[in-house]
Amino acid sequence: MRCVIARFPFDLSRSGVLESMKGIKPEPVTGESVIIGRCRYPVKQVGEVITRQDRRDFTSGEVTRAMVRLGFTCRTPEAAAPPRALTPLQNASSLLG
């Protein structure tokens with residue numbers, strides 16, 4: 001599949017991405033991620049490996065779109081849990097200290 005990442009065209013295939021990422025240790029995931037094989041990789045790490053470009057040259061959105069088109073599962077950062085509503089008694093207690 002032909003895709004453009006950081007204004008450069010790339011011919012990517014699912015098997016090519018799997019081969020490129022074989023033996024690469026996943027970095028800790030803090031943002032968007034891609035599941036390749038049994039590992040969860042940060043999108044920027046995958047983009048750097050498959051394009052051989054610096055991570056600052058492309059966006060995570062460009063790599064995510066390419067990975068989704070190739071059939072990989074992509075995840076966004078988990079949203080923080082919404083704050084729990086205080087009961088009137090807890091609210092009054094917090095206001096009084």
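With a relative accessible area of 61%, K22 is exposed. This is a predicted model, and K22 makes a handy way into it. K22 sits in the loop between α1 and β3. Follow the chain on for 14 residues and there is I36, whose C-alpha atom is 9.3 Å from that of K22.

Stepping back to the whole chain, the protein has four helices and five strands. Read from the N terminus, the order of these elements is β-β-α-β-β-α-α-β-α. The radius of gyration comes out at 20 Å, well over the 13 Å that the globule rule gives for 97 residues, so the protein is more spread out than a compact globule. The box filled by the C-alpha atoms, taken along the principal axes, is roughly 65 × 30 × 20 Å. Buried residues make up 28% of the 97. As for the surface, about 6900 Å² is exposed, and 55% of that comes from carbon and sulfur atoms. Among contacts with a separation of 6 or more, 49% are between residues 24 or more positions apart.

Next come the helix pairs. Two packed helices are described by the angle between their axes and the distance between the axes. Helix α1 covers residues 14-21 and helix α2 residues 43-51; their axes come within 10 Å and cross at roughly 100°. An angle of 65 to 115 degrees counts as roughly perpendicular, and α1 and α2 are therefore roughly perpendicular to each other. On the α1 side the contact is made by V17, S20 and M21, and on the α2 side by V46, V49 and I50. Sorted by class, this contact has five nonpolar residues, one polar residue and no charged ones.

Helix α2 also packs against α3, here at an angle of about 75° with the axes 9 Å apart. That makes this pair, α2 and α3, roughly perpendicular too. From α2, the residues involved are V43, K44, V46, G47 and I50, while α3 brings in S60, V63, T64 and M67. The class count for α2 with α3 is five nonpolar, three polar and one charged. V46 and I50 of α2 thus turn up in the contact with α1 as well as in the one with α3.

What about the buried side of α3? This helix spans residues 60-69, and its buried residues are E62, V63, T64, A66 and M67. An α-helix has 3.6 residues a turn, so residues three or four places apart point the same way. The buried residues of α3 pack against two helices, α1 and α2, and against the strands β1 (2-5), β3 (33-36) and β5 (73-75). Two of the buried residues listed for α3 are V63 and M67, and both belong to the contact with α2. After α3 comes G71, which has a positive phi, near 100°.

The loop between α2 and α3 deserves a closer look, residue by residue. F58 lies in this loop and is buried, with a relative accessible area of just 3%. In sequence, F58 and I5 are 53 residues apart, yet their C-alpha atoms are 6.3 Å apart in space. Setting aside neighbours within four places in sequence, the contacts of F58 are I5, A6, K44, G47, E48, T51, Q53 and V63. Among these partners of F58 are K44 and G47, both of which also take part in the packing of α2 on α3.

R55 is in the loop between α2 and α3 as well. At 24% relative accessibility, this arginine counts as partly exposed. Once neighbours within four places in sequence are left out, R55 is in contact with E27, K44, Q45 and E48. For Q45, ten residues away in sequence, the C-alpha to C-alpha separation from R55 is 7.5 Å. K44 and E48 are contacts of R55, and they appear among the contacts of F58 too.

R52 belongs to that loop between α2 and α3 as well. R52 is exposed, its relative accessible area being 77%. Although R52 is not a glycine, its phi is positive, at about 60°. R7, in the loop between β1 and β2 (8-11), is another non-glycine residue with a positive phi, in this case near 65°. R7 is exposed, with a relative accessible area of 77%.

Conventions:
Residues numbered from 1 in each chain as written. Predicted model: local features only at pLDDT ≥ 70, side-chain atom pairs only at ≥ 80, totals over all residues. Heavy atoms only, no water. Axes fitted to C-alpha atoms, helices over the stretch in contact; angles between N-to-C directions. Parallel < 35°, antiparallel > 145°, perpendicular 65-115°, else oblique. Contact = heavy atoms within 4.5 Å. Nonpolar A, V, L, I, M, F, W, Y, C, P; charged D, E, K, R; others polar. Rg over C-alpha atoms; globule rule 2.2 N^0.38 Å. Buried < 20%, exposed > 50% of the residue type's maximum accessible area, 1.4 Å probe, protein only. Areas by Shrake-Rupley, 256 points an atom, 1.4 Å probe, with all protein chains shown as cover.
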